[in-house]
Amino acid sequence: MKLGELWRTTPFRLTLVNGAVFALAVLALMGLIYQQTAGYLGRQMDGIVVSEARGLTLGGAERLPERVTQAVAADARHIEYYGLFSAEGVWITGNVRALPPRFPIDGTPREIKAANLQPGSRALAERLPWGEILFVGHDALVLSGLRDIVMRALAVSGGVALVLGLAAAAALSLRPLQRIDILREASQAALKGQLGVRLPVSRRRDEIDMLAGVANTMMDDAERLLWEVKSVGDNVAHDLRTPLNRLRALLYRASQETRLDGAERQMIEQALAETDELLIRFRALQRIGEIERRDRQAFFEPVRLQSVLEHVIELHEPSAEDRGVELAAEIAPEAPAAAADPTLLFEAVSNLVDNALKFTPKGGKVSIRLLARPEGPRIEVADNGPGVPAAERDAVLQRFYRAERTRNAPGSGLGLSIVTAIARLHHFTLVLEDAQPGLRVALNCWPRGMEA
C-alpha cells in the first residue's frame with residue numbers, strides 16, 4: 001500500500017479531519033481550564049498579598065521592621081517577598097532590596113515581572129500613613145506548576161491522539177483500498193475483453209457496492225448489446241453465404257453452358273466477380289466472429305516468431321515476384337518467443353504482408369522486420385505505397401473502412417480488422433506509423449500496459 005493511495009481514501013481523510021477537530025476541541029478545553037484556573041489563582045494571590053500587607057501594618061509603625069523580618073524568616077517555601085523602605089525609597093529591611101522600577105505605589109495588587117519570579121506573580125506596594133513604603137509579593141509557583149501540568153497533558157494527549165488517529169485512519173482505509181484493488185483488477189480484466197467479468201459486490205451495501213452495482217448493470221447492458229450486434233452480423237454472414245454460393249454456382253454454370261458472347265458474357269463474368277467479392281467479405285466477417293468468440297488462452301503456447309515470419313515470407317514470395325515488388329526481411333535471431341496461438345499469429349502477419357503487397361506499386365518494396373525490444377518482440381511490416389493519413393489510422397482498423405487514397409483498390413476492407421481482432425485476443429498492440437513514404441504496421445507482441 002502506498003502512502004499516496006492511503007491519503008486519497010475518504011475514510012483516511014475523514015478520520016484525520018475528525019481527529020484534528022477532536023484535538024482542537026481538547027486544546028480549547030484545556031486552554032479554558034487553564035485560563036479559569038489561572039484567573040482563580042491570580043485572585044487568590046491578590047487576596048494573599050493584601051492579607052499579608054494588612055497583617056503587617058495592623059500593629060502600626062512600632063516594631064514593623066521586626067514583623068517584616070519575622071515574615072521573611074517564616075517563609076519556608078521562599079515564595080513570599082517583603083520589603084520595607086523609607087519615604088525616600090531607602091531599604092530598611094526585608095528580602096526585597098529595591099522597589100521595582102516604575103511599580104505603582106497605590107496599594108493595588110498587580111502582576112509583577114522579574115527574572116527571579118515565575119510568570120503570573122502578584123505584588124503590591126503601598127505608602128503607609130506614617131510615610132514608609134511596604135512591598136509585599138507572592139511568587140506564582142503553583143500557577144507555573146499548573147501550566148507545566150497542562151502543557152505536559154497536551155503534549156502526551158496530542159501525541160497519543162495523533163498516533164491513534166493515524167492508526168485508526170489506516171485501519172479504516174485498509175479494507176476499502178483492498179476492495180478498490182479487487183475492483184481495479186476486475187475492471188482491467190473487463191478492459192482486456194473478458195466480457196463475463198463483473199465487479200464483486202460485498203454484503204455491506206455501502207457506496208463502493210453501489211458503484212460496483214451500477215458498473216455491473218452497465219456492463220450487462222454493454223455485453224448484451226455487443227452480442228446482439230455481433231450476432232446480427234454473424235447471422236447475416238452465415239445466412240447469406242448459402243444463397244450467394246447458389247448464385248455463384250448459377251452464374252458460373254451460365255457462363256460455362258451458354259453461348260453468350262460480347263457484352264452479355266462480360267456482364268455475367270462481372271456479376272461472378274462481384275459475387276466472389278461478397279463471399280470473401282462474408283468469410284472475413286465470420287472469421288472475425290470466430291476469433292472474438294474463441295477461448296482466450298486455450299491455444300496459447302510459446303511461439304518462435306522467427307519461424308512464423310519465415311513461413312509468411314515463403315508463402316508471399318511468389319505473389320511479390322508476380323507483382324514486381326521486392327520482399328525484404330530483417331529478422332533478429334535473439335528475439336524471444338511470444339505466448340500466442342501460432343495459427344492466428346501466422347494469419348495476422350500474413351494479412352499484414354498481403355495488405356502491404358496489395359498497395360505497393362510495381363518496383364516498390366515491402367519490408368518485414370522482427371525486433372527485440374526490452375518489453376518484448378515487435379513485428380513490423382512496412383511498404384512504400386500511398387500510406388494512410390494520420391487522421392485515418394484509427395478508422396482503417398474498423399470493419400469495411402477504406403482509406404480515401406485506396407478506395408478504388410480491390411479488397412474487402414476487413415484485413416486489418418482481422419489483425420485487430422487477433423491482436424486484441426492476445427492483448428497485443430497494433431500500431432500504424434508513417435514509413436515516409438508508405439505505411440508501417442507494427443505488432444507489439446507483449447501485453448498491453450507493459451510499455452516502457
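Reader: Among the contacts in the protein with a separation of 6 or more, what percentage is accounted for by residues 24 or more positions apart?

Author: Residues 24 or more positions apart account for 63% of those contacts. Please keep in mind throughout that this is a predicted model. As for its general make-up, the protein has nine helices and twelve strands, and of its 452 residues 39% count as buried.

Reader: How should I read a helix pair, and at what angle do helix α7 and helix α8 pack?

Author: One takes the angle between the two axes, together with their separation, and then asks which side chains meet. Helix α7 (residues 305-323) and helix α8 (residues 342-359) pack at about 30°, and their axes are 10 Å apart. Because angles under 35 degrees count as roughly parallel, α7 is described as roughly parallel to α8. The crossing of these two helices is right-handed.

Reader: Which residues in α7 and α8 meet?

Author: On the α7 side they include Leu-305, Val-308, Leu-309, Val-312 and Leu-315, along with His-311, His-316 and Arg-323. On the α8 side they include Leu-345, Phe-346, Val-349, Val-353 and Leu-357, with Asp-354 and Lys-358 also among them. Sorted by class, the contact of α7 with α8 comprises eleven nonpolar, four polar and three charged residues.

Reader: Moving beyond α8, where is Gly-364 found, and is Gly-364 buried or exposed?

Author: Gly-364 is found in the loop between α8 and β9 (365-372). Its relative accessibility is 6%, and because buried means under 20%, Gly-364 counts as buried. Apart from neighbours within four places in sequence, Gly-364 is in contact with Gly-324, Val-325, Glu-326 and Asn-384. A C-alpha separation can also be read against the distance along the chain: Gly-364 and Arg-323 are 41 residues apart along the chain, and their C-alpha atoms are separated by 9.4 Å.

Reader: May I try the same reading on Ile-182, and how far are the C-alpha atoms of Ile-182 and Leu-199 separated?

Author: The C-alpha atoms of Ile-182 and Leu-199 are separated by 8.1 Å, with these positions 17 residues apart along the chain counted as their spacing. Ile-182 is found in helix α4 (residues 141-191), and at 40% relative accessibility Ile-182 counts as partly exposed.

Reader: For a polar residue in a strand, which side chain does the side chain of Thr-93 join in a polar contact?

Author: Here one looks at the strand, the accessibility and the partner in turn. Thr-93 lies in strand β2 (residues 91-94), and with 12% relative accessibility Thr-93 counts as buried. Its side chain is joined to that of Thr-69 by a polar contact of 3.1 Å. If residues up to four places away in sequence are not counted, Thr-93 touches Pro-65, Val-68, Thr-69, Gly-83 and Leu-84.

Reader: And for a charged residue, which backbone nitrogen does the side chain of Asp-383 reach?

Author: The side chain of Asp-383 reaches the backbone nitrogen of Gly-385, at 2.9 Å. Asp-383 belongs to strand β10 (residues 377-383), and at 10% relative accessibility Asp-383 counts as buried. Leaving aside neighbours within four places in sequence, Asp-383 has contacts with Ala-356, Thr-360, Lys-365, Val-366, Ala-435, Pro-437, Gly-438 and Leu-439.

Reader: Since Pro-437 is in that list, let me ask about its backbone: is the peptide bond from Gln-436 to Pro-437 cis or trans?

Author: To read a peptide bond one looks at omega, and for the bond from Gln-436 to Pro-437 omega is near 0°, that is, cis. Pro-437 lies in the loop between β11 (429-434) and β12 (439-444), and Gln-436 is found in the loop between these strands as well. Gln-436 has a phi near 50°, a positive value in a residue other than glycine, and at 67% relative accessibility Gln-436 counts as exposed.

Reader: What is the phi of His-427, and where is His-427 found?

Author: Phi of His-427 is near 60°, again positive in a residue other than glycine. His-427 is found in the loop between α9 (415-426) and β11. With 13% relative accessibility His-427 counts as buried, whereas Gln-436 counts as exposed.

How values were computed: Residues numbered from 1 in each chain as written. Predicted model: local features only at pLDDT ≥ 70, side-chain atom pairs only at ≥ 80, totals over all residues. Heavy atoms only, no water. Helix = DSSP H or I, 4+ residues; strand = E, 2+ residues; numbered from the N terminus. Buried < 20%, exposed > 50% of the residue type's maximum accessible area, 1.4 Å probe, protein only. Polar contact = N/O pair within 3.5 Å; in protein donor to acceptor, adjacent residues only side chain to side chain. Contact = heavy atoms within 4.5 Å. Axes fitted to C-alpha atoms, helices over the stretch in contact; angles between N-to-C directions. Parallel < 35°, antiparallel > 145°, perpendicular 65-115°, else oblique. Left-handed = near helix turned anticlockwise from the far one by under 90°. Nonpolar A, V, L, I, M, F, W, Y, C, P; charged D, E, K, R; others polar.
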